[in-house]
Amino acid sequence: MSTKKASLKDKETKNGTSKYVLERCASVCEYFDIAFKVMLLGDSAVGKTCVLVRFKDGAFLGGNFIATVGIDFRNKVVTVDNAKVKLQIWDTAGQERFRSVTHAYYRDAQALLLLYDITSKSSFDNIRAWLTEIHEYAQKDVVIMLLGNKTDMAGERVIKREEGEKLAKEYGVPFMETSAKTGVNVELAFLAVAKELKHRAAQQPNEPKFQIHEYIASEKQKSGCCGGYM
Ligand SMILES: Nc1nc2c(ncn2[C@@H]2O[C@H](COP(=O)(O)OP(=O)(O)OP(=O)(O)O)[C@@H](O)[C@H]2O)c(=O)[nH]1
């Protein structure tokens, strides 16, 4: 048997099904109570794919930058208040030439994570244009969160945290700073969105409305960490 054949065989189970297929199936078929569609938006190279990979696999995609072509998605099931919440996360291409493709997907999204890169002024300046597009194409009650990514690159920072906070406040959306490289605040951002979506879905009128800001602040207090967002 050639080395190539042997390595392929290693990846098969006894009944011949590839482990890769089983793993993919397990991730698609994982049990969940409720599912939501979340989209990642923002200029090219702000780190959308890396943030998604960090959340999904706990890893950082370093090395050469390969721009997303069109749109891609990954699923992750998280637990919110004892319920299994499946997030179907759509990673869009930030490049202008794919904009018409991504517009078509806005309508179905229940939440949008809008990213800029704290080392790129243009990516921050373009946030207003992204918000205009969102208001044009997305659902009226879509959950929006603004993320300033790449906080690990402190030496190259050109956008102060306060500037991100101010812009977020102006548009009435929550804000966090993240790093796909170190993982800081990545899971917290997705969990906050999942919790808000689940809360909205439950629509229990007698319960006080879940506030995404309060959730993030309380989680941060629990972990004893004080930097990086809000
Ligand atoms: N230091 C650092 N680099 C990052 C971080 N996030 C992403 N990068 C790098 O930034 C580059 C772009 O990251 P991507 O995740 O591919 O960017 P994107 O927003 O998906 O880009 P498009 O697919 O073109 O829309 C890559 O070289 C990443 O390794 C981060 O948090 N810190």
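Ala, Val, Leu, Ile, Met, Phe, Trp, Tyr, Cys and Pro count as nonpolar here, Asp, Glu, Lys and Arg as charged, and the others, Gly among them, as polar. With that sorting in hand, the lining of the largest pocket in this predicted model comes out at 14 nonpolar, 12 polar and 7 charged residues. The space inside the largest pocket is about 680 Å³. Its lining runs to 33 residues, and G47, T49, C50, L61 and F65 are the ones closest to the pocket's centre.

As for who builds the wall, helix α3 gives the largest share of the lining, with 5 residues. At least two lining residues each come from α3, from β2 (71-80) and from β3 (83-92).

The largest pocket is also where the ligand sits. Around the ligand there are 25 residues, and the closest of them are S44, K48, T68, G94 and D152. Sorted by class, this shell holds 10 nonpolar, 10 polar and 5 charged residues. Helix α3, spanning residues 48-57, turns up again: with 3 residues, α3 gives the most to the shell around the ligand.

Now for the polar contacts with the ligand. K48 puts an N or O atom of its side chain 2.7 Å from an oxygen atom of the ligand. In the side chain of T49, an N or O atom is 2.9 Å from a ligand oxygen. N149 deals with a nitrogen atom of the ligand instead, and a polar atom of the N149 side chain lies 3.2 Å from that nitrogen. As for cover, the ligand taken alone exposes 650 Å², and the protein buries 91% of that area. K48 thus shows up twice, once among the residues closest to the ligand and once through its side-chain contact with a ligand oxygen. T49 likewise has two entries, as one of the residues closest to the centre of the largest pocket and as a side-chain partner of a ligand oxygen.

Two further spots deserve a look, starting with the backbone. The loop between β2 and β3 holds D81, and phi of D81 is near 50°, a positive value in a residue other than glycine. N82 is placed in the loop between β2 and β3 as well. Its phi is near 70°, again positive in a residue that is not glycine. Strands β2 and β3, which this loop connects, are the ones that each supply at least two residues of the pocket lining.

The other spot is H135, found in helix α6, which covers residues 127-137. A polar atom of the H135 side chain lies 2.9 Å from the backbone oxygen of L131. Looking further along the chain, H135 and Y106 are 29 residues apart, and their C-alpha atoms are separated by 9.9 Å.

Terms used: Residues numbered from 1 in each chain as written. Predicted model: local features only at pLDDT ≥ 70, side-chain atom pairs only at ≥ 80, totals over all residues. Heavy atoms only, no water. Near = heavy atom within 4 Å. Polar contact = N/O pair within 3.5 Å; in protein donor to acceptor, adjacent residues only side chain to side chain. Areas by Shrake-Rupley, 256 points an atom, 1.4 Å probe, with all protein chains shown as cover. 1 Å grid on protein atoms, 1.4 Å probe; cavity = no way out; pocket = protein on both sides within 12 Å on 5 of 7 lines; lining within 4 Å. Sits in = over half its atoms within 2 Å of the grid points. Helix = DSSP H or I, 4+ residues; strand = E, 2+ residues; numbered from the N terminus. Points joined across faces, edges and corners; volume = space filled by probe spheres on them.
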